[in-house]
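Here's a quick walk through a single protein chain, meant to be read with the viewer open. Have a look at the fold before going on.

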Amino acid sequence: MKKRIAFLALLGVVAAHPAAAHHSTTMFDHTKVVSIAGTVKEVHWTNPHVAIFVYGSLAAGGEPTLWLMEMTSPGNLVRAGGWSRTAVKPGDKVTVDFAPLRDGKRGGALKKITIAETGKFYTADIRAQERANLEEQPAK
């Protein structure tokens, strides 16, 4: 009986682990959308969250700096439509709309990224992919 209780307790701990490991998005100010223009430095296409590093500036003529854009998992981005490991590559000139970090550091939650050369855009908002005329809607 003790072995069975110990096994069930261990099973409960293992099952609860993924829920405890997930973090909140409260570090981002989702009431604001900020835009930067720049060049993709790196793309980390890994779980649990894809990250894109962009070397750019907030305003035209501003001093370029490195920004970290966070997104959901690769699987969610693929299901959102259009994303792939090579959708955005180092060297791409881009414009990024994002919810900034609340602490003022250079980073945020990517909302939309547009490739300057092609005009093709991607969003990290899975539900936005389902909205009609997304390309005609201003970023929120």
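The notes below go from the overall layout to the core, the central strands and a few individual residues.

## The overall layout

First things first: this is a predicted model. The protein chain has 2 helices and 6 strands, and reading from the N terminus the order is α-β-β-β-α-β-β-β.

Of the 140 residues in the protein chain, 31% are buried. The exposed surface comes to about 9100 Å², with carbon and sulfur atoms supplying 59% of it. As for sequence range, take the contacts between residues at least 6 apart: 51% of them join residues at least 24 apart.

## The nonpolar core

Which residues have the most contacts inside the largest nonpolar core? They are Ile 52, Trp 83, Val 96 and Ile 113, out of a core of 21 residues. Five strands put in at least two residues each: β1 (34-44), β2 (51-57), β3 (65-70), β4 (93-100) and β5 (107-115). As a general background, nonpolar side chains tend to be buried together in soluble globular proteins.

Ile 113 is a good place to zoom in. Leaving out residues up to four places away in sequence, Ile 113 touches Ile 52, Trp 83 and Val 96. Its other contacts on that count are Val 88, Val 94, Thr 95, Lys 120, Phe 121 and Tyr 122.

## β4 and its partners

Why call β4 largely enclosed by the rest of the structure? Because 6 of its 8 residues are buried. Strand β4 pairs with β1 through 6 bridges and with β5 through 7 bridges. Both pairings are antiparallel, β1 with β4 and β4 with β5.

Asp 97 is a handy marker for following this arrangement. In β4, Asp 97 is the bridge partner of Ser 35, and Asp 97 also stands opposite Lys 112 in β5. Strands β4 and β5 make a hairpin with 6 residues between them. In that turn, Gly 104 has a positive phi of about 85°.

## Gly 107, up against Leu 68

Gly 107 lies in strand β5. Is Gly 107 buried or exposed? At 1% relative accessibility, Gly 107 counts as buried, because the cut-off for buried is under 20%.

Now check the backbone spacing: the C-alpha atoms of Gly 107 and Leu 68 are separated by 4.4 Å, although the two residues are 39 residues apart along the chain. Setting aside residues up to four places away in sequence, Gly 107 touches Trp 67 and Leu 68, along with Phe 98, Ala 99, Pro 100 and Leu 101.

## Two loop residues to click on

Asp 29 is in the loop between α1 (2-21) and β1. Despite being a loop residue, Asp 29 counts as buried, at 12% relative accessibility. Its side chain makes a polar contact with the side chain of Thr 31 at 2.5 Å. Not counting neighbours within four places in sequence, Asp 29 is in contact with Ala 99, Pro 100 and Arg 102. Ala 99 and Pro 100 are also on the contact list of Gly 107.

Then there's Pro 48, in the loop between β1 and β2. The peptide bond joining Asn 47 and Pro 48 is cis, with omega at about 5°.

How values were computed
Residues are numbered from 1 along each chain as its sequence is written. This is a predicted model: local features need pLDDT of at least 70, side-chain atom pairs count only at pLDDT 80 or more; totals for chains, interfaces and linings use all residues. Side-chain values use heavy atoms; hydrogens and water are left out. A nonpolar core is a set of buried Ala, Val, Leu, Ile, Met, Phe, Trp, Tyr and Cys residues joined through side-chain atoms within 4.5 Å. Buried means under 20% relative accessible area, exposed over 50%, partly exposed in between (1.4 Å probe, protein chains only). Helices (H or I, at least four residues) and strands (E, at least two) are DSSP runs, numbered from the N terminus. Contact means heavy atoms within 4.5 Å. A polar contact is a pair of N or O atoms within 3.5 Å; within protein, one must be able to donate a hydrogen and the other to accept it, and residues adjacent in sequence count only if both atoms are side-chain atoms. Accessible areas come from the Shrake-Rupley method with a 1.4 Å probe; for residues, only the protein chains shown count as cover. Two strands pair if DSSP finds at least two bridges between them.
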